[in-house]
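Here are a few exercises to work through with the sequence and the model open side by side. Try each task before you read its solution.

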Amino acid sequence: MATEQLYLQSIEAGYYTNFNATVISVEGEKVALDRTLFYPLGGGQNWDTGTLDGPNGAVTVHEVRGRGTILHSLDGDHQLEVGDEVKGSVDWERRHAHMRMHTAQHIVSGVVYESFNGARTVGNQIHHDRSRIDFNPISLTDEMLLQIPETVNKLIDENHKVTDSTMTRDEVNAVMPPDRTNMNLLPASVRDLRVVKIGDNIDLCPCAGTHVRELSEIGHIQIIGKKSKGKGTQRITYELQIPQVTPTSISETI
Ligand SMILES: [Zn+2]
């Protein structure tokens, strides 16, 4: 049985941290729920952590993985059984850091593509403290490493809105070059795509991650490293500056 992915319902859903659910399977420390706000490792974005509070008290969720059925790995002797009702709580600081980092990744990838001859994003890893993106083909100079944050931070300061919608492949391809959106990496069987858009097509790409609703929440990016990965691929590592404002809706239950 598949898990309903509550975090994917809208950009706004990323701001919820509490939810109620029912246990649908238990295998050792791994527990699946009928619905969850916990983001599982995927698309380069790390998993959410938090707690599940059931009939025998709260237990820590230390890892979340899976597609279709999402498995929450729990600490200790959780004693949860199929049919138990639980209240889930996602760690907000980590979740919001991922949202900020991930949205920043979209902007950086778009800016690099547009600025440097269509250099593609060929990999990314989104963590709460620092993130990295691999580009190909590219040969990053000091000047380019200054230009990237300057352009990205200007867009952040313009505080564009981030929205999501469902689009077909043809609709996405009509707006953005397939190279830029990495459309070829999506299985051909997937027709309707969850698409995340920044401003008026400043960036648009299919993505199932969590994102902020407006760019000012990101804070400025700072590039802290560059590394060659061979065959024309180079990696940049970035951090985010300026603490974000805590939104007000996070304690509501979805
Ligand atoms: Zn994304």
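The exercises below deal with a metal site and some strand pairings in this predicted model.

**Exercise 1.** Find which atoms coordinate the zinc ion, and work out the geometry of the site.

*Solution.*
- Start with the donors: NE2 of His102, NE2 of His106, SG of Cys207 and NE2 of His211 coordinate the zinc ion, at 2.0 to 2.1 Å.
- Next, take the angles among the four donor atoms, which span 98 to 124°.
- Four donors count as tetrahedral if all angles lie between 85 and 135 degrees, so the site of the zinc ion is tetrahedral.

**Exercise 2.** Write the spacing of the zinc donors along the chain, then locate His102 and His106 and decide whether they are buried or exposed.

*Solution.*
- Along the chain, the donors of the zinc ion have the spacing H-x3-H-x100-C-x3-H.
- His102 and His106 sit in helix α1, which covers residues 92-115.
- Four residues, about one turn of the helix, separate His102 from His106.
- Both of these histidines, His102 and His106, are buried.

**Exercise 3.** Which strands pair with β10, and how do they run?

*Solution.*
- Begin with β9 (residues 120-125): five bridges join β9 to β10 (residues 131-136), and the two run antiparallel.
- Within this pair, Asp134 of β10 is the residue opposite Gly123.
- The connection is a hairpin, with five residues between β9 and β10.
- Now turn to β15 (residues 233-240), which is antiparallel to β10 and joined to β10 by five bridges.
- Here Thr237 in β15 stands opposite Arg132.

Key: Residues numbered from 1 in each chain as written. Predicted model: local features only at pLDDT ≥ 70, side-chain atom pairs only at ≥ 80, totals over all residues. Heavy atoms only, no water. Donors = N, O, S within 2.8 Å, 3.2 Å for Na, K, Ca; no water. Tetrahedral: all angles 85-135°; square planar, octahedral: opposite > 155°, others 65-115°. Buried < 20%, exposed > 50% of the residue type's maximum accessible area, 1.4 Å probe, protein only. Pairing = 2+ DSSP bridges.
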